[in-house]
Amino acid sequence: MSAQKKRNFQIEAFKHRVVVDPKYAEKTWKILEHAIHEIYNHNASGLSFEELYRNAYNMVLHKFGEKLYSGLVSTMTSHLKEIAKSIEAAQGGLFLEELNRKWAEHNKALQMIRDILMYMDRTFIPSTHKTPVHELGLNLWRDHIIHSSKIQKRLQDTLLELVQHERTGEVINRGLMRNVIKMLMDLGSSVYQEDFEKPFLEVSADFYRLESQQFIECCDCGDYLKKAEKRLNEEIERVSHYLDAKSESKITNVVEKEMIESHMHRLVHMENSGLVNMIVDDKYEDLGRMYNLFRRVPTGLALIRDVMTSHIRETGKQLVTDPERLKDPVDFVQRLLDEKDKHDKIISSALNNDKTFQNALNSSFEYFINLNPRSPEFISLFVDDKLRKGLKGVTEEDVEIVLDKVMMLFRYLQEKDVFEKYYKQHLAKRLLSGKTVSDDAERSLIVKLKTECGYQFTSKLEGMFTDMKTSQDTMHGFHAAVGAEIADGPSLTVQVLTTGSWPTQSVTTCNLPPEILGVCDKFKTYYLGTHTGRRLSWQTNMGTADLKATFGKGQKHELNVSTYQMCILMLFNNADRLSYKEIEQATEIPASDLKRCLQSLACVKGKNVLRKEPMSKDIAEDDAFYFNDKFSSKFYKVKIGTVVAQKESEPEKQETRQRVEEDRKPQIEAAIVRIMKSRRVLDHNNIVAEVTKQLNSRFLPNPVVIKKRIESLIEREFLERDKTDRKLYRYLA
């Protein structure tokens, strides 16, 4: 089967030429020109748009697109010139209305013309790179109306004048403004910017420069900020009503620069109403306003932060160095907490919880709390006061809040080990005297300290609680074993304390009364019989006793006293009068403790079970003491506390400081060895930096002490100096 032959189809042109009427283009253009005139004269209802479209279509098809386009330009131009005259003639307030009306009509006409010339728009214009009909209409309007010599300046002045009227409180036609501004935006962003935005921003800058100058002279800081905020909001609202959205950042920048940035130093430091006054008077609203306005300018917040920081530091410094404040440690710490609460509230309520302000507050507190070397002791005394009596009847939640606040102050301390020393002493006294408000609160604080500083910090504190529990079990065993033998004698409760856990001092045991001594010996025999390899030493300075006493007229009382006071009072069973020397000799109580005990027994009104001759507040070595027969009290149980300085005396302070320094030495040495073990070779400055970094969660080590510890380690052959470079150390394995 043979393959079919391929057929090639060909379309041939007409054999005869189509002859177009030479006057065709002119006639057709006249029809279209007439239609454009009619559209501009509002007589478009009688026109056949289909026929007009076909005419325009045929003109382009027959290559008369250029004639059609140039005719359109000249026709529209002539109409716009007429429109310009009509707008120029409008008087006063009618000027903008006439411009707006003519603009709306021009747009409508442009839409109709574009519909008629759609074919030209789609084919002829893209191929010849001419401006499309709609855009052409806008450009002609711009050139002949907006940029007309008689309209351009007048339009600009009218618009700026209306904005000025609105700024001074008058009501303007915002709808008309919006339409005219929209017209400028439709004509292109450059028209809007050059013909309106640029002059608008310049005039605004002048207006706000002048106004801010007037305000700053007559207003206080709070009022000025209110006015600035009001102006800023007005401008933002103005943009939303009738300006280009892109203008918002530009106009707000102008207001910020002229009203805030230019005057911010004067505002912050304004006498009687500046930032410091706002902080002192808790003006949260004003502070919040200042924060929100100043954050808009580049260095605004930094300025507020610096002024606020220096104020906090200055206030704090006065607080921690004022001798009057230091007289009452509990009040001292409470003031610190109040100060912290005050500024925390300012930061949360007014400063948007700004982290940079929080950090500045923390660094300020850390700075001034550590200016007072007694801060660790005072914070411990505050805790002691709260856990003894201050938190009685308070809910668990409130206890937690107080403890959290204490922990916050604790974090600021550089010498956390000093706090630990005092806290241990105070906790010991609370536990031994049974004076703690709540075991749960005590344990809660220890858990918090453990979380903050690690197990090492609290292991001994936890050991103290363990001892208390073990002592209870020991006493049950003791009473079960020898209860019958000591039933007639004084009842004894003993707390057995592990030497390493408790802050016990090696003190000379005083001479206990024979009645007590017998029971104590029985306990010692029992305890050592049940525990091997242990040694007991009585800490008579830490005990308490209950005595039954009979006074004149047979009046009976139960006296709650310390062990030392008991030893003194028991002497008066066999004597009515004893001199200071005799008491000292009989009891062998250390002189400072003895004087305090006698003071509390003889010189405190309502608790004076002894009389002193001569009568005075202080105890002298030639004083004599008598049993006070006439003592009376409305209470059966009378607690006689020891007159004790709540704060340490100077020698005690020195002793505590010395103990702290001694405790630090092994810690510094351990840190040096740890560092050198991993680094092998290190120079002096780097060792000091590393040791400080490792230990600053506990205390701030002194570089001089670090140097001494390095010397000590070299002597003990843990380290050696480099032979060539004396500042270089090597680790010796």
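In this predicted model, helix α29, which spans residues 703-715, lies across strands β8 and β9 and runs at about 100° to β8. The sheet on which this helix rests is an open one, built from three strands in the order β7-β9-β8 with antiparallel pairing. Its edge strands are β7 (681-683) and β8 (719-721), each of which pairs on one side only, and from one strand to the next the twist averages 30°. Strands of a sheet in general are held to one another through backbone hydrogen bonds, in either a parallel or an antiparallel sense. Between β7 and strand β9 (residues 728-731), which run antiparallel, there are three bridges, and within this pairing Leu682 has Tyr729 of β9 as its bridge partner. A further helix, α28 (residues 684-695), also packs on the sheet, where it touches β7 and β9, and the direction of α28 makes about 95° with that of β7.

Strand pairing is also found elsewhere in the chain, around strand β5. Strand β3 (residues 577-579) pairs with strand β5 (residues 624-627) in the antiparallel sense, over three bridges, and Leu578 has Phe625 of β5 as its bridge partner. Strand β4 (residues 610-613) likewise pairs with β5 in the antiparallel sense, in this case over four bridges, with Tyr626 of β5 as the bridge partner of Arg611.

Turning to helix packing, helix α8 (residues 174-186) and helix α9 (residues 189-218) pack at an angle of about 125°, and their axes are 5 Å apart. Because angles from 65 to 115 degrees count as roughly perpendicular and those over 145 as roughly antiparallel, α8 and α9 are classed as oblique to each other. The contact is made on the α8 side by Ile181, Leu184 and Met185, and on the α9 side by Ser189, Val191, Tyr192 and Phe196. Of the residues in the contact of α8 with α9, six are nonpolar and one is polar, while none is charged.

Aromatic side chains provide a further set of contacts, and the count of aromatic pairs comes to 18. One of these is formed by Tyr57 and Tyr119, a tilted pair with 4.4 Å from centre to centre and 55° between the planes. Tyr57 belongs to helix α2 (residues 49-61) and Tyr119 to helix α5 (residues 118-128), so that the pair ties together parts that are 62 residues apart in sequence. Tyr57, with a relative accessibility of 29%, counts as partly exposed, and Tyr119, with a relative accessibility of 21%, also counts as partly exposed.

Another pair is made by Trp103 and Trp141, whose ring centres are 5.4 Å apart and whose planes stand at 55°, so this pair is tilted as well. Since Trp103 lies in helix α4 (residues 94-116) and Trp141 in helix α6 (residues 133-146), the pair ties together parts that are 38 residues apart in sequence. Trp103 has a relative accessibility of 7% and therefore counts as buried, and Trp141, at 0% relative accessibility, counts as buried too. Aromatic residues are also found in a cluster, a single one being formed by Phe478, Phe523, Tyr526 and Tyr527.

Terms used
Residues are numbered from 1 along each chain as its sequence is written. This is a predicted model: local features need pLDDT of at least 70, side-chain atom pairs count only at pLDDT 80 or more; totals for chains, interfaces and linings use all residues. Side-chain values use heavy atoms; hydrogens and water are left out. Two strands pair if DSSP finds at least two bridges between them. Helices (H or I, at least four residues) and strands (E, at least two) are DSSP runs, numbered from the N terminus. Axes are lines fitted to C-alpha atoms, for helices over the stretch in contact, and angles run from 0 to 180 degrees between N-to-C directions. Contact means heavy atoms within 4.5 Å. Angles under 35 degrees count as roughly parallel, over 145 as roughly antiparallel, 65 to 115 as roughly perpendicular and the rest as oblique. Ala, Val, Leu, Ile, Met, Phe, Trp, Tyr, Cys and Pro count as nonpolar, Asp, Glu, Lys and Arg as charged, and the others, Gly among them, as polar. Rings of Phe, Tyr and Trp (its six-membered ring) pair if their centres lie within 6.5 Å; planes under 30 degrees apart count as stacked, over 60 as edge-to-face and the rest as tilted. Buried means under 20% relative accessible area, exposed over 50%, partly exposed in between (1.4 Å probe, protein chains only).
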